[in-house]
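Me: I've just opened this one and don't know my way around it yet. Can you take my questions one at a time and show me the reasoning?

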Amino acid sequence: MNIEAISKIVKASGVSAGELILIHFWGEDADKEIADHFLSAVAALGASPVLLQQSRTVNKEIFASAGESCFDERYFQLFSGFDAVLDVFAYQPVILGYEIEAEQFKLYCNYMSRLFAKLMECKRFTQIRIPTSANAAESNLDPQDYIRRMTRAYNIDYDALGDACRSELQRFSGVDRVSVRTGTDCVLHLDITGRKWHIDAGDGDLPCGEVYIAPVEEKTQGTIFFETLYLDDTFYKNATLEIKDGKLAGSSIPAITEFFSGKPEENRVLCELGIGMNPNVTDLCGYTVLDEKMAGTFHIAFGANDMFGGTNTASDHIDFVGYGKIEATL
């Protein structure tokens, strides 16, 4: 990722003059040039950058020998004054990647838990996946295909994206109910009374490009059709889902029904409706991080939505992306 792309991302995240910005970088020294570019981009906007690097090799050495007295409350208070966190990862965060003694690993986990609790208190927290071969592993895509798709998804006009998202939401202004029409005769009715639409145009989970809302959990009714549905590293063709009183009641594909039948009730709650808005995501690939941002698609999700205005707490958040027509119901 070059400095021009990084500068666009930093600006889109909302960094402004006078702010104090933490660059929380997950990567080894071999990739540190990426972090350096983020530091420069923050400074170019008149803000003050601070770097915290999470290197697996360094953390292995630290936590193999750390004691209970390490990393007390004074340490975590150092991170209480930041206006925003740019959580930049060249490889998957948090995972240590090395075997250490169980008690030492417990210290590492406690450190990460307390650190993130403090960082999430900042005004803004933006996650940025760097297009690397290491990050490609979670996508099940060929590394070069992953890097190409991610680089393209990042290379957008963020101001234009924000305008497009706001324009899209104008048609839902004052609307309490929406319907999603898919396939030949499938219609899903959702109640959004009292719920707020959210815009992801650069200040959340990147790559970005969606508007989304948490529907009223117990009021979604109907059926919804997907030409291709990706679930648990498998894809299914021509899948229909039935939703009753806000929960997945069944599917035309027995394997999908079986998958959800083994889940707790809260993980079967339809928790999100979203609309993809990124013009540089042009086809579905099975990697939700990209697919749900594709312009011309919608997505629904089952599971947790208490982090964006809903009331359902769950261990999962599973997205399904498809094509259809979303209509305001007066």
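Me: Which residues line the largest cavity?

Reply: This is a predicted model, and in it the lining is made by Phe 226, Thr 228, Leu 229, Tyr 230, Leu 284, Gly 286, Thr 288, Asp 291, Asp 319, Phe 320 and Val 321. The volume comes to about 80 Å³. Elements supplying at least two of the lining residues are β10, α10 and β15, and β10 has the largest share, with four residues.

Me: What makes this a cavity and not a pocket?

Reply: The test is whether the probe can leave: in a cavity a 1.4 Å probe fits but cannot get out, while a pocket is open. The space of about 80 Å³ is listed as a cavity, so the probe is shut in there by that definition.

Me: How do you sort the lining of the largest cavity by class?

Reply: Six of the residues are nonpolar, three are polar and two are charged. Asp counts as charged, and the lining includes Asp 291 and Asp 319. Gly goes with the polar group, so Gly 286 of the lining is counted there.

Me: How many cavities of 30 Å³ or more does the search find?

Reply: Two in the whole structure. The second largest has a volume of about 30 Å³, with Trp 26, Gln 54, Ser 55, Arg 56, Asn 59, Tyr 91, Val 94, Ile 95 and Tyr 108 around it. By class that lining has five nonpolar, three polar and one charged residues. Arg is in the charged class, and Arg 56 is part of this lining.

Me: What about open spaces: how much space lies in the largest pocket?

Reply: About 1,400 Å³. Its lining takes 36 residues, and Thr 288, Val 289, Glu 292, His 317 and Asp 319 are the ones nearest the centre. Elements giving two or more residues are β4, β7, β9, β10, β11, α10 and β15. β4 has the largest share, with four residues. The lining splits into 14 nonpolar, nine polar and 13 charged residues. Thr 288 and Asp 319 also appear in the lining of the largest cavity.

Me: And which elements give two or more residues to the second largest pocket?

Reply: This pocket has a volume of about 290 Å³, and 13 residues line it, with Lys 11, Ala 12, Tyr 158, Asp 159 and Ala 201 nearest its centre. The elements you asked for are α1 and α8, and α8 gives the most, with four residues. By class there are five nonpolar, two polar and six charged residues.

Me: Let's stay with α1. Why are its buried residues said to line one face?

Reply: The helix covers residues 3-12, and Ala 5, Ile 6, Ile 9 and Val 10 are buried in it. Looking down the axis, the buried residues of α1 fit within an arc of 135°, so they sit along one face. The spacing rule helps here: an α-helix has 3.6 residues a turn, so residues three or four places apart point the same way. Glu 4 and Lys 11 are exposed, on the face turned away from the buried side. Cover for the buried residues comes from elements including α2, β3, β4, α7, α8 and β8.

Me: Why is Asp 233 called exposed?

Reply: Exposed means over 50% relative accessible area. Asp 233 has 71% relative accessibility, so it counts as exposed. Its place is the loop between β10 and β11.

Me: Then why is Asp 245 called partly exposed?

Reply: Partly exposed runs between 20% and 50%. Asp 245 has a relative accessible area of 48%, so it belongs in that band. This residue is in the loop between β11 and β12.

Me: What makes the phi values of these two stand out?

Reply: Their sign. Most residues other than glycine have a negative phi. Asp 233 has a positive phi near 65°, and Asp 245 has a positive one of about 50°.

Me: Which contact joins the side chains of Asp 145 and Arg 148, and what makes it polar?

Reply: The contact is 2.7 Å long, and the cut-off for a pair of N or O atoms is 3.5 Å, so the pair qualifies as a polar contact. Asp 145 lies in α7.

Key
Residues are numbered from 1 along each chain as its sequence is written. This is a predicted model: local features need pLDDT of at least 70, side-chain atom pairs count only at pLDDT 80 or more; totals for chains, interfaces and linings use all residues. Side-chain values use heavy atoms; hydrogens and water are left out. Buried means under 20% relative accessible area, exposed over 50%, partly exposed in between (1.4 Å probe, protein chains only). The arc is that of the directions from the helix axis to the C-beta atoms. Contact means heavy atoms within 4.5 Å. On a 1 Å grid over the protein atoms alone, a cavity is a set of points where a 1.4 Å probe fits but cannot get out, and a pocket is an open set with protein on both sides within 12 Å along at least five of seven lines; lining residues have an atom within 4 Å of a point. Grid points are joined across faces, edges and corners, and a volume is the space filled by probe spheres set on the points. A polar contact is a pair of N or O atoms within 3.5 Å; within protein, one must be able to donate a hydrogen and the other to accept it, and residues adjacent in sequence count only if both atoms are side-chain atoms.
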